[in-house]
Amino acid sequence: MALNEALKDFSIEGKAALVIGAELPLGAAAAQILAEAGANVMLASQEPGTGDALKELAKKIGALGRKAAVKIQSAITRADLSACVDLTVKQLGSLDIAVNALDVPFFAPAEASDDTAFEKVLENNFKTVWMACQEAGRSMVQHGGGVIVNLTSIMAERGVPNGSLYAAAQAAVLSLTRSLALEWARKGVRVNAIEMGWVEDERSPAVKDEEFAQTLVKYLPEQRLLKPEELGGALLYLVSPAAAYVTGQSVAIDGGLLCRV
Amino acid sequence: MILDSFKLDGKVAIITGAGRGLGRAMAVRFAQAGADVVAAARTLAELEQTAEQVRQTGRKCLIAQTDVTRSEQVNAMAAAAIKEFGRIDILVNNAGGYHKGMGKRLHELTDEEWREGIDTNLTGQFYCCRAVITQMLEQQGGKIINIASGWGLRGGKNVFAYACAKGAVLQLTRSLAVTYAKKNIYANCIVPGIFEGAAQYFQGGKFIPIGRIGRDAELGPLALFLASNASNHLNGAFITIDGGGLAGGITPTGVFPRLTETAEA
């Protein structure tokens, strides 16, 4: 009884959530956590080959007693994102929570990165998030409110050699978050970000590049990589009524990395 | 399940400045989540009211009348907590706030006013951390939550000792995080905006993007998140709860550039 009192504003029972990038480790973890906390979830993927994995995830969410729907597309275009939003409203009844887990790591020396790389990295990591926020935000403003969480990286705050484009795109997501939060502050839409540290993700150089990974892990305050599901507590806090007074902010989950020298 | 990770069953939390406002809100929320509470502050009558609210949830509350600027009193507070409950899992450094000299320009401040501001808002947090960390090391874990302020991140007109102390609280937190990371002791900061206690100075919060002053009870869930296993791996961070105030600030709220030609093109 007393416990319910303490946890009640963390509940998102019956809310409709859209996770864009649900095929990625962080997106999949986010979807599962939202479902555990009571939400029905639309899983949107940008990878045509990920249907089976997403159906598996949808099954797990179904086993929790929540509704889950899957949408796979070949690329993230505005039309696709708009369709995701419409489909969420149609299948789950509303769009209350949107989590943008879109992310394609890119590391290369600056002098070897051409204009095509620039366009690709900024499109994959920033333009898609901008479009997703716009489409989700439009629907939320129309329907009286909602919450958006953009997943970004601590590279938004720190430079990384060979990461010039990728880190700049992450910083752009953080900046986008702040301005949208102010623009929609009185329209009932909160917009926040989570900055992730080095995550266990096979696409990340922290896993893929063995030599780099070995040195990196020794440098981390806890000397280990972050597991995707460790974003759960912060994500649930931000999307739930518990954070009704929090907007335009970011939470870094990095095991203390940002505060070391 | 994710919601269970927010519970504090079997944990013991010390909260300073627990006699009113944000401190009381956190004490009650922690108790609702299952923790026993050590409520510390200078004013006994206020602590008794907090204790009554904590006990109504079915949890225990130890009153520790403490001036956090006096290290012997802080050490006695920690000792009393260990004697009563046998452990300390959570410390919330919430005591602090207004001090003599706030509102004065720098050249008008006396030595005494400066020291009071720093002692109340920084040194007290140091004393409290020092008093509990040995116990947390023995237990191989703990959570420290330091309360900073928007003035720890931005300058304030005629706010000197307070702003300097709160800025230093962020640094205290970061160094704690780096020093004890491998010992399972996590230290994080809350940066509150304008809440009920200061409402009278801020015209109902018209200038805050979200359009209102924060409610004291709204701090409870954030503190609970940082005190619980839900925030494991979050370390040395600060989380701002201010209705969007610090996300902006380079234009007055409600004043912003109009649509430009290039935006339409």
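In this predicted model, α5(A) passes α6(A) in a right-handed crossing. α5 spans residues 115-142 of chain A and α6 spans residues 164-184 of chain A. Their axes come within 9 Å and cross at roughly 15°. Angles under 35 degrees count as roughly parallel, so α5(A) is roughly parallel to α6(A).

The contact draws on residues along both helices. From α5(A) come Ala117(A), Phe118(A), Val121(A), Leu122(A), Asn125(A), Phe126(A), Val129(A), Trp130(A), Cys133(A), Gly137(A) and Val141(A). They meet Leu165(A), Tyr166(A), Ala169(A), Gln170(A), Ala172(A), Val173(A), Leu176(A), Leu180(A) and Trp184(A) of α6(A). By class, the residues of this contact are 17 nonpolar and 3 polar, with no charged residue.

**The sheet of chain A**

α6(A) also meets the sheet. This helix lies across β5 (146-153), β6 (189-196) and β7 of chain A. Its direction runs at about 160° to β6(A).

The sheet itself is open and has 7 strands. Their order is β3-β2-β1-β4-β5-β6-β7 (chain A), and the pairing is parallel. Which strands form the edges? They are β3 (68-72) and β7 (250-253) of chain A, each of which pairs on one side only. Neighbouring strands are turned by 15° against each other on average, direction ignored.

At the β3(A) edge, the partner is β2 (residues 40-45) of chain A. The two strands run parallel and are joined by 5 bridges. Val41(A) stands opposite Ala68(A) in β3(A). Helix α4 (residues 78-92) of chain A packs on the sheet here, touching β1 (16-20), β2 and β3 of chain A. The direction of α4(A) makes about 150° with that of β2(A).

**The sheet of chain B**

Chain B also has an open sheet of 7 strands. The order reads β3-β2-β1-β4-β5-β6-β7 (chain B), with parallel pairing. Its edge strands are β3 (61-65) and β7 of chain B, each pairing on one side only. From one strand to the next, the twist averages 15°.

Within this sheet, β4 (residues 90-93) of chain B runs parallel to β5 (residues 142-147) of chain B. How many bridges join β4 to β5 of chain B? There are 4 bridges between them. In one of these strands, β5(B), Ile144(B) is the bridge partner of Leu91(B).

α3(B) lies across β1 (12-16), β2 (36-41) and β3 of chain B. The angle of α3(B) to β3(B) is about 160°.

**A helix pair in chain B**

α3(B) packs against a helix as well. α3 (residues 71-85) and α4 (residues 111-139) of chain B have their axes 9 Å apart, at an angle of about 35°. The crossing of α3(B) and α4(B) is right-handed.

On the α3(B) side, the contact residues are Ser71(B), Val74(B), Asn75(B), Met77(B), Ala78(B) and Ile82(B). On the α4(B) side, they are Tyr127(B), Cys128(B), Ala131(B), Val132(B) and Gln135(B). The contact divides into 8 nonpolar and 3 polar residues, with no charged one.

The two helix pairs are set out below.

| Helix pair | Axis distance | Angle |
|---|---|---|
| α5(A) and α6(A) | within 9 Å | roughly 15° |
| α3(B) and α4(B) | 9 Å | about 35° |

**The chains as wholes**

Chain A holds 9 helices and 7 strands. Its radius of gyration is 18 Å, close to the 18 Å that the globule rule gives for 261 residues, so chain A is as compact as a globular protein of that length. The C-alpha atoms of chain A fill a box of roughly 50 × 45 × 40 Å along the principal axes.

Chain B holds 7 helices and 7 strands. From the N terminus on, its elements run β-α-β-α-β-α-β-α-β-α-β-α-β-α. The radius of gyration of chain B is 19 Å, close to the 18 Å from the globule rule for 265 residues, so chain B is as compact as a globular protein of that length. The C-alpha trace of chain B spans about 65 × 50 × 35 Å along its principal axes.

**Where the chains meet**

Between the chains, 41 residues of chain B are in contact with 40 residues of chain A. On the chain B side, α1 (21-32), α5 (161-180), α6 (219-227) and β7 (238-241) each supply at least two residues. Which element of chain B gives the most? α6(B) does, with 4 residues. The side of chain B that touches chain A divides into 20 nonpolar, 16 polar and 5 charged residues.

Notes: Residues are numbered from 1 along each chain as its sequence is written. Chains are lettered from A and ligands numbered from 1 in the order in which they are written. This is a predicted model: local features need pLDDT of at least 70, side-chain atom pairs count only at pLDDT 80 or more; totals for chains, interfaces and linings use all residues. Two residues are in contact if their C-beta atoms, placed from the backbone, lie within 7 Å. Ala, Val, Leu, Ile, Met, Phe, Trp, Tyr, Cys and Pro count as nonpolar, Asp, Glu, Lys and Arg as charged, and the others, Gly among them, as polar. Axes are lines fitted to C-alpha atoms, for helices over the stretch in contact, and angles run from 0 to 180 degrees between N-to-C directions. Angles under 35 degrees count as roughly parallel, over 145 as roughly antiparallel, 65 to 115 as roughly perpendicular and the rest as oblique. A crossing is left-handed if the near helix is turned anticlockwise from the far one by less than a right angle, and right-handed if clockwise. Two strands pair if DSSP finds at least two bridges between them. The radius of gyration is taken over C-alpha atoms; the globule rule is 2.2 Å times the number of residues to the power 0.38.
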